[in-house]
Amino acid sequence: MTSALYQRIDGSVYRHIYIVGDLHGCLSLLEEQLARVAFDPHRDLLLSVGDVADRGPDSVGCLRLLNEPWFSCVRGNHEQMAIDAVNEENIPRWLRNGGDWFYALEGEQQEEAKSLILQADKLPHVLELTTREGKLIVVAHANYISDDYVFGKPLDGYEIIWNRDRVNFALAGRYKPISGADEFYFGHTPVESAMQFANQFYIDTGAVFDGYLTLRQLQ
């Protein structure tokens, strides 16, 4: 079931479900992590907090994941910058934030990349997963910008992919649970190690900035 911003996933049809932090073109790091957990693309599912491309060595390879049936992703601010730029909007902003790889491509390679980026315009801002055990897990890129989660609640998509208020307050010691779901997973803001504040998890551990890639098992 999909609304403009939201998408639902029934976890009962999968064996294991994992979630990964911001990839930023680091495909080989992802492949290492998936091998480590013996990920089975026929029975398992990988969720992503978005920002699959830009800055790292293989943006196209990571964007190709959008076509894999075992991969589900929310929209990040880097997807949105890329979508805007290939639509001839705000190109300088994308270039400042790691989009230069796209303009270095030629011919068919650039056409493939453009097609994948346009495909990213179908990505939801919020994923809701119900695990086999009945746990309700919500994934968004930067922030779920309400203190009460409701599937389909109208929210500002820009704020979901850019807003850092919640994590900044949490890092300053001010945090509380978000009601309406058991766990929330976010990326966007690089942290030295994965962090939990109440029922919120921040898993962008800066893989592309000499950090590491966080992979968590949800089911």
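Which residue takes a positive phi just after helix 1? Ala 38 does, with a value of about 55°. The structure is a predicted model, in which local features need pLDDT of at least 70 and side-chain atom pairs count only at pLDDT 80 or more, while totals for chains, interfaces and linings use all residues. Residues are numbered from 1 along each chain as its sequence is written, and side-chain values use heavy atoms, with hydrogens and water left out.

Helices (H or I, at least four residues) and strands (E, at least two) are DSSP runs numbered from the N terminus. Helix 1 spans residues 27–36, and its buried residues (under 20% relative accessible area with a 1.4 Å probe, protein chains only) are Leu 27, Leu 30, Gln 33 and Leu 34. These residues lie on the same side of helix 1 because they cover an arc of only 125° around the axis, taken from the directions from the helix axis to the C-beta atoms. An α-helix has 3.6 residues a turn, so residues three or four places apart point the same way. On the other side of helix 1, Glu 32, Ala 35 and Arg 36 are exposed (over 50%). The cover over the buried residues includes strand 2 (17–20), strand 3 (45–48), helix 2 (59–63) and strand 10 (215–217).

Strands 2, 3 and 10 also belong to an open sheet of four strands, with the order 4-3-2-10 and mixed pairing; two strands pair if DSSP finds at least two bridges between them. Strand 4 and strand 10 stand at the edges with a single partner strand each, so one side of each has no neighbour in the sheet. Strand 2 and strand 10 are antiparallel and share three bridges, with Leu 215 in strand 10 as the bridge partner of Val 20.

A nonpolar core is a set of buried Ala, Val, Leu, Ile, Met, Phe, Trp, Tyr and Cys residues joined through side-chain atoms within 4.5 Å. The largest such core has 37 residues, and those with the most contacts inside it are Leu 30, Leu 46, Trp 101 and Ile 117. Helix 3 (77–86) supplies the largest share of this core, five residues. A second, separate core of 19 residues includes Ile 160, Val 167, Ala 170 and Phe 186.

An open sheet of six strands has the order 1-5-6-7-9-8, again with mixed pairing. Its edge strands are strand 1 (6–10) and strand 8 (195–197), each pairing on one side only. Within this sheet, strand 5 (residues 126–130) runs antiparallel to strand 6 (residues 136–140), and five bridges join them.

Methods:
Contact means heavy atoms within 4.5 Å.
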